[in-house]
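Here is a friendly briefing to read with the model open beside you. It is grouped by topic, so feel free to jump to the part you need.

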Amino acid sequence: MRPFVSVVVPTYNRLYPLAELLESLNRQTYRYFEVIVVNDGGERVDDIVALYPELRVHLIHCRDNVGHVEARNIGVKAAKGELIMLCDDDDILLPCHIEQMVAEIADVDFVYSDVEIFHYRIENGQRIPTDRFLFAYEYDREAMRRFSTYVPSGSLYRKSIHDHLGYFDPNVHHYWDWDFFLRVSEAFRIKRVAVASVLYAFSNDGDNLSRQMSEKRQMYLNRLSEKHGLGNLPMKNFWLLLDEPEVKKRRAKSKIVWDGTPIISRLCRLKHV
């Protein structure tokens, strides 16, 4: 029997990237899935979803902006699938991704893949990749208590995990994914899939959360550390963290599947015919 997958996507005022994600989901070779789009109090996305009638989309509108962590919780609670796949609204899943992850989870509880980080420029609403960087690191639970190399987009896990652990913790906000990963790793089987079948968007204009340094981020990092007994964690720029010796020694080989072609959505085609 093919397991049913629920792809949970929180979104907030990113219409064109969301359309690109839906385009990438529509290209998946594995078709037994639904997409739960949780609009976190932003501009309506009904017209974007309507461009992809082939997809099973459950659209949830939040009247207020509840934050990206709680939006994910709302999506997970509405999921019908026995498997949950997480995805940010500005990332992209390559066509083989869901099929591959479903195969890999057969003997474990939680799988995550390598990713390619891409920078981009925008032309008429379309993201044009300008460069790319392989993000692939060996899974080492103890090492990941100090430097997380888990990217949540495209990760797949059994929904029943939430019955044991509860949901994502909004109290750690920026670090909800690291927190969830550590909680899962304490009690469940995790596998890294050495294929870069997720494209992780990293803008050059400085609006990506991973580039922001703030007192609030430090506060959330401290909360994460206290929760898991992680000690004094360094809060550095994302790229500086990757240069840490402890991280560099975990760099791993991975299968590259992206040919570098931009994902052109139906929204872009409609707007610029």
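H173 is partly exposed, because its relative accessible area of 23% falls between the limits of 20% for buried and 50% for exposed. Please keep in mind that this is a predicted model. The notes below start with backbone angles and confidence, then turn to cavities, a helix face and two residues with partners far along the chain.

**Positive phi angles**
- H173 is not a glycine, yet its phi is positive, at about 45 degrees.
- H173 sits in the loop that runs between α5 (161-165) and α6 (176-187).
- N124 is another non-glycine residue with a positive phi, here about 55 degrees.
- The loop between β6 and β7 is where N124 is found.
- With a relative accessible area of 58%, N124 is exposed, because the cut-off for that class is over 50%.

**Confidence**
- The protein chain has a mean pLDDT of 93, and 96% of its residues reach 70 or more.
- Over residues 206-212, however, the pLDDT is below 50.
- That stretch, residues 206-212, still has 17 contacts in the model beyond near neighbours in sequence.
- Where pLDDT is low, predicted coordinates should not be read in detail.

**Cavities**
- Searching the whole structure gives two cavities of 30 Å³ or more.
- The largest cavity has a volume of about 50 Å³, and the second largest has about 40 Å³.
- Lining the largest cavity are E20, I92, F118, Q126, R127, P129, L199, W258, P262 and I263.
- By class, that lining of the largest cavity holds seven nonpolar, one polar and two charged residues.
- Strand β7 (residues 126-135) gives the most to the lining of the largest cavity, with three residues.
- Around the second largest cavity, the lining is made up of Y112, S113, D114, V115, F135, A136, Y137, T149 and V151.
- For the second largest cavity, the classes are six nonpolar, two polar and one charged.
- Strand β6 (residues 110-123) gives the most to the lining of the second largest cavity, with four residues.

**One side of helix α4**
- In helix α4 (residues 97-104), the buried residues are H97, I98, M101 and V102.
- These buried residues lie on the same side of α4, because they cover an arc of only 125 degrees around the axis.
- An α-helix has 3.6 residues a turn, so residues three or four places apart point the same way.

**L21 and its long-range partners**
- L21 belongs to helix α1 (residues 15-26).
- L21 counts as buried because its relative accessibility is 0%, and the cut-off for buried is under 20%.
- Leaving out residues up to four places away in sequence, L21 touches V9, C87, D88, D89, D91 and I92.
- L21 and S265 are 244 residues apart in sequence, while their C-alpha atoms are 8.2 Å apart in space.

**R27 and its long-range partners**
- R27 is placed in the loop between α1 and β2 (33-39).
- Its relative accessibility of 34% is why R27 counts as partly exposed.
- R27 touches P95, I263, I264 and R269, again not counting residues up to four places away in sequence.
- Between the C-alpha atoms of R27 and L94 the separation is 7.8 Å, although these two residues are 67 residues apart along the chain.
- One of the contacts of R27 is I263, a residue that also helps to line the largest cavity.

Notes
Residues numbered from 1 in each chain as written. Predicted model: local features only at pLDDT ≥ 70, side-chain atom pairs only at ≥ 80, totals over all residues. Heavy atoms only, no water. 1 Å grid on protein atoms, 1.4 Å probe; cavity = no way out; pocket = protein on both sides within 12 Å on 5 of 7 lines; lining within 4 Å. Points joined across faces, edges and corners; volume = space filled by probe spheres on them. Helix = DSSP H or I, 4+ residues; strand = E, 2+ residues; numbered from the N terminus. Nonpolar A, V, L, I, M, F, W, Y, C, P; charged D, E, K, R; others polar. pLDDT = per-residue confidence, 0-100. Contact = heavy atoms within 4.5 Å. Buried < 20%, exposed > 50% of the residue type's maximum accessible area, 1.4 Å probe, protein only. Arc of directions from axis to C-beta.
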